[in-house]
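Work through the exercises below with the model open. Each task is followed by a stepwise solution.

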Amino acid sequence: DGIILHQHLGATRERLALHVLNSFGEIVPEHVETRPLYTAIQPDMEQGKLQLFVDIFPKHIGAPNDPVDIGPRVAAKYELRVIVWNTSDVYLEESNLVGEQMSDIYVKCWIAGIEDKLKTDTHYRSLNGEGNFNWRMLFPFDYLEAEKIMVVKKKLHFWSLDTTEERLPPRLVIQVWDNDTFNPDDFIGSVDLPLDQLPSPFSKPNKIKDINCLEGRKVVSLFDLKQTYGWWPVFGEIETKGKKDPALMGKVELTMELLSEQETLEKPTANARDEPNSYPTLPEPKRPATSFFFLTSPWKSFKFIIWKNFKWYIIGAILLLLLIGIIALFLYSMPGYTVKKIFNV
């Protein structure tokens, strides 16, 4: 009552709502209008919503300020370089033909949410849980620094025309496996390492004591640190008396380095030990002579498995066969020699 309405100012309720929103400028700096979208083909079915805001500037105050870019932020490209050096104290999953506990160890890594998974070669016949690799893995990804989130674009199905965008925390997954030739590989243990809240590594494997070793440990951001090196634990389950209990299943020695797109171009390298093998150059691992694949090394299989464990049995069997041969030869020759002596032939 008593308010003079102008035909271009809009409905009273909308003007009141806009006034209330403008009164809380720190919370709602702009009033965002939302309007439904329709099509003439299906006029009764909403096809989506359009959100926008409109600013009206009186002519007497002059031209408005420069427009503000409200486009979505563009994710920066990064590359995570992981070098798997060694493993230690890995749980021995199997036993060989002579009853020795052993594992054929390899390490698998990937960034959670990205399907590309990489793994090392296999350290065969580890008898003490130690594995040697010197193996590099490269993981490119997109990252929004302002939001501290990783952007993953992928197609939901192989026939999809458009890609979907998913935002996930950057997290490196590390798993240790036991390689099997004729059966599915056995999972040993794993650890998830958030790149922006990375638990500080241990300087030596013997400092990793139990499954609670990461609790209360100082965390750092690899995006600030850029590079780190050390030992991390992997966790799994051990079945005892039909019950599975969480356990420390081994330790992995890693170097992790985070590079920007420009740094990646300036320091070219490749996965594994392929060329260009640089930054740093990775030599072949020095594995013990007992590390071999039994199907491709039959002589080593005999030497390190059969001969090592049954050497004296084999020597005794050979001596026994020689003795039996000598006795048989003596018995075979004895009758003829006796006849010659009797008849003085």
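**Exercise 1.** Classify arginine 273 as buried or exposed, then do the same for its salt-bridge partner.

Solution.
1. In this predicted model, arginine 273 has a relative accessibility of 17%. Buried means under 20%, so arginine 273 counts as buried.
2. The side chain of arginine 273 meets that of glutamate 284 in a salt bridge, with 3.2 Å from N to O.
3. Both residues sit in the loop between α3 (261–266) and α4, 11 residues apart.
4. Glutamate 284, at 58% relative accessibility, counts as exposed.

**Exercise 2.** Which parts of the chain does the salt bridge between lysine 77 and aspartate 142 tie together?

Solution.
1. The closest N and O atoms of lysine 77 and aspartate 142 are 3.4 Å apart.
2. Lysine 77 belongs to strand β3 (residues 76–88) and aspartate 142 to strand β8 (residues 131–144), so the pair ties together parts 65 residues apart in sequence.
3. Lysine 77 is partly exposed at 45% relative accessibility, and aspartate 142 is partly exposed at 22%.

**Exercise 3.** Determine the exposure of each partner in the salt bridge between glutamate 46 and lysine 49.

Solution.
1. The closest N and O atoms of this pair lie 3.0 Å apart.
2. Glutamate 46 has a relative accessible area of 37% and is partly exposed.
3. Lysine 49, at 55%, counts as exposed.
4. The structure holds 12 salt bridges.

**Exercise 4.** How many disulfides does the structure hold, and are cysteines 109 and 213 buried or exposed?

Solution.
1. The count of disulfides is zero.
2. Cysteine 109 is buried, with a relative accessible area of 0%.
3. Cysteine 213 is also buried, at 14%.

Key:
Residues are numbered from 1 along each chain as its sequence is written. This is a predicted model: local features need pLDDT of at least 70, side-chain atom pairs count only at pLDDT 80 or more; totals for chains, interfaces and linings use all residues. Side-chain values use heavy atoms; hydrogens and water are left out. A disulfide is a pair of cysteine sulfur atoms within 2.5 Å. Buried means under 20% relative accessible area, exposed over 50%, partly exposed in between (1.4 Å probe, protein chains only). A salt bridge is a side-chain nitrogen of Lys or Arg within 4 Å of a carboxyl oxygen of Asp or Glu. Helices (H or I, at least four residues) and strands (E, at least two) are DSSP runs, numbered from the N terminus.
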